[in-house]
Amino acid sequence: MTTAVTPIAHQVATRAFGWLLAHRDHGALPEGTTADLGDPNSVYKPLGEAALAGSLVLRESAAGSESMRAARELLDFGWRQLREGDLLYERQLRHSLLTDPLEMYAHFVRAGYRHPGMDALLRHNAALRSVRAAEVVPNRRLAIANAARLAGLDYGFDWAALTRATWLGATPEPWAIDWMTAYSMTHTVFHLTDWGARPEGLPAEIASYLTTWLPVWTDIWREVAQWDLVAELMIVGSCLPDPVCDPADWAALAAVQHPDGLMPRDGEPVSEDPARRFADHQHTAVVAAVAGSIAVSRTLT
Amino acid sequence: MTTGSAERAARAVYTEATAELARCVLDALRGAGDTAPLARFTEAATDPKAALAAVRVLGADVLAPYALTGGTPHPRDLTVIAQATAVFPAPVLTAPPPEGPLENWAIAWRDWATGRLIAGLGDGAADDTPQPPAAPVLTDTADWPRWSAVCARLATLALPGVTGPVPAVVRRHPVPLARGTTRALLRRDYPTAARLARWLAAAHRDGVPLPLDPAALTEHIALHAAGEPRLALDLAVARLLLGRTA
């Protein structure tokens with residue numbers, strides 16, 4: 001880990017946040033949205049991702065006052081969009097086995113927002129065998145476990161067993177990875193460490209495995225300009241007990257960021273249409289903001 | 001025929017000669033073929049100069065069957081190696097990289113390995129090939145993609161009987177080596193992956209703990225790309241180093 005990364009990570013995060021905040025209205029839920037959400041991935045999921053980024057900036061409080069203010073504004077905006085949590089409550093009440101209301105709520109809980117009805121409902125659900133046994137892939141179960149932990153729920157999870165069940169838990173052949181699995185791997189790390197808050201949540205064997213192979217994966221996906229995945233891999237590096245943070249990766253990320261803060265998801269041309277730009281690159285802005293915030297925090301400590 | 005197409009045609013002849021010789025060496029590694037395969041190969045060649053060029057290109061690998069499975073090279077084969085070196089002498093090594101060209105330095109090391117193997121395999125003649133100088137590209141492993149690319153160029157030195165600073169350095173750095181191999185495989189650069197797999201296999205043979213399983217890796221490369229003779233030769237060497245069948 002080198003402190004040379006700190007200023008450049010700070011710059012990337014601040015610009016990404018500025019862009020998210022400036023264009024947040026593209027991420028507003030349509031008028032009359034109900035808890036059933038015809039297309040949860042269009043606006044609802046991005047709202048949760050922005051809330052995640054905001055909650056991490058506030059948690060790390062190392063990002064500088066400008067980002068802190070932007071983060072709070074973004075969270076307030078998202079919370080209002082969700083009708084101060086009512087929408088999450090209604091969705092969770094109607095669909096006991098869906099996990100996204102809990103997961104999204106956890107990001108707001110991290111930043112100090114609470115909805116008493118949601119808390120009571122989640123406690124009730126956590127006691128149901130049906131809810132606990134809902135079938136999801138292993139890295140997604142870790143997402144539920146981490147959200148439950150943040151929300152103060154007792155699901156009785158065996159974290160070691162959950163970890164072993166993931167792709168990463170197998171410490172697999174590093175050359176037998178693909179794009180989608182790389183994303184899954186990053187999320188295993190995010191949930192085990194709560195996005196860098198608890199690096200000790202990574203078993204030592206996995207931390208060592210990642211220290212060895214993360215530079216290779218970052219290198220090959222950087223070469224093909226998969227910036228969204230590269231930034232996710234860089235978050236993984238910052239989540240390690242002994243962080244892996246390559247100044248060359250940060251320089252590359254900073255070099256592709258647009259002057260207005262847009263972070264392109266890949267090497268394809270970026271649309272001129274504002275709504276399209278937001279839809280295509282909102283996720284990468286969130287990832288860049290998170291990557292920068294955590295890297296700043298971990299290079300300073 | 002234009003100059004360009006004449007050059008392309010000549011290059012194709014040399015490439016085919018190299019592939020043909022790689023097949024001969026592969027046969028020898030598998031226990032088939034002539035007692036003096038190099039002499040037979042050059043005598044049977046329609047283009048003797050291309051055949052000698054192929055001997056130069058494969059370098060120490062023409063001795064891989066003896067280095068790996070025992071026996072001594074036939075004197076006629078040693079004559080062929082000497083002829084090839086006389087017809088295609090190594091470029092003068094003015095300075096190691098980065099001052100001098102990397103390829104000239106790599107050729108000097110490959111020739112040195114050939115000399116060591118000939119001396120070690122019971123030729124009786126003293127080895128007068130000078131040991132090339134060390135270079136930062138060999139010792140600076142922090143830039144592991146560049147370092148492993150250098151190792152790939154020196155993969156013919158991954159043979160039993162070749163000692164010296166190159167295998168010693170590679171053996172000391174299993175993580176950059178494994179990273180470079182993994183990178184090559186993920187980039188579908190199978191020739192580089194196969195050359196680096198040889199080094200992994202050599203390190204494994206020497207008892208160096210590796211962060212990945214070299215046997216599974218070698219077989220994976222083989223499933224993708226074993227049709228190319230030089231690549232197949234690298235994989236056969238790796239398999240023998242791992243104690244498996246070529």
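The centres of domain 1 and domain 2 of chain B, taken over C-alpha atoms, are separated by 21 Å. This is a predicted model, in which local features need pLDDT of at least 70 and side-chain atom pairs count only at pLDDT 80 or more, while totals for chains, interfaces and linings use all residues. Residues are numbered from 1 along each chain as its sequence is written, and chains are lettered from A and ligands numbered from 1 in the order in which they are written.

**Domains of chain B**

The domain assignment gives domain 1 of chain B as 1-89 + 99-130 and domain 2 of chain B as 134-246, with bounds that come from an automatic or database domain assignment. Between them, 23 residues of domain 1 of chain B are in contact with 19 residues of domain 2 of chain B, where contact requires C-beta atoms, placed from the backbone, within 7 Å. On the side of domain 1 of chain B that touches domain 2 of chain B, at least two residues each are supplied by α1 (3-29), α4 (64-69) and α6 (102-123) of chain B, and α6(B) gives the most, with 9 residues. Helices here are DSSP runs (H or I, at least four residues), numbered from the N terminus. That side divides into 15 nonpolar, 3 polar and 5 charged residues, with Ala, Val, Leu, Ile, Met, Phe, Trp, Tyr, Cys and Pro counted as nonpolar, Asp, Glu, Lys and Arg as charged, and the others, Gly among them, as polar.

**Helix α10(B) and the chain interface**

In the contact between the chains, 12 residues of chain B meet 9 residues of chain A. The elements of chain B that give two or more residues to this side are α10 (174-186) and α12 (214-225), and α10(B) gives the most, with 6 residues. By class, the side of chain B that touches chain A has 8 nonpolar, 1 polar and 3 charged residues.

Of the 13 residues of α10(B), 11 are buried, a term that asks for 20 or more other C-beta atoms within 10 Å of the residue's own (12 or fewer is exposed, and in between is partly exposed), with C-beta atoms placed from the backbone. The buried residues of α10(B) pack against α11 (204-223) of chain A together with α8 (144-153), α9 (165-172), α11 (190-205) and α12 of chain B. Just after α10(B), B:Arg188 takes a positive phi of about 55°.

**A helix pair in chain B**

The axes of α2 (residues 37-44) and α3 (residues 48-58) of chain B come within 8 Å and cross at roughly 150°; the two helices are therefore roughly antiparallel, the word used for angles over 145 degrees. B:Leu38, B:Phe41 and B:Thr42 in α2(B) meet B:Pro48, B:Ala51, B:Leu52 and B:Val55 in α3(B).

**Chain A and local backbone features**

Helix α2 (residues 44-60) of chain A has 14 of its 17 residues buried, so α2(A) is largely enclosed by the rest of the structure. Two residues of chain A that are not glycines have a positive phi, as tabulated.

| Residue | Phi | Loop | C-beta atoms within 10 Å |
|---|---|---|---|
| A:Glu84 | about 50° | between α3 (65-81) and α4 (86-94) of chain A | 14, partly exposed |
| A:Ala225 | about 60° | between α11 and α12 (227-239) of chain A | 16, partly exposed |

In chain B, a cis peptide bond with omega of about 10° joins B:Pro97 and B:Pro98, and B:Pro98 is found in the loop between α5 (75-87) and α6 of chain B.

Notes
Axes fitted to C-alpha atoms, helices over the stretch in contact; angles between N-to-C directions. Parallel < 35°, antiparallel > 145°, perpendicular 65-115°, else oblique. Contact = placed C-beta atoms within 7 Å.
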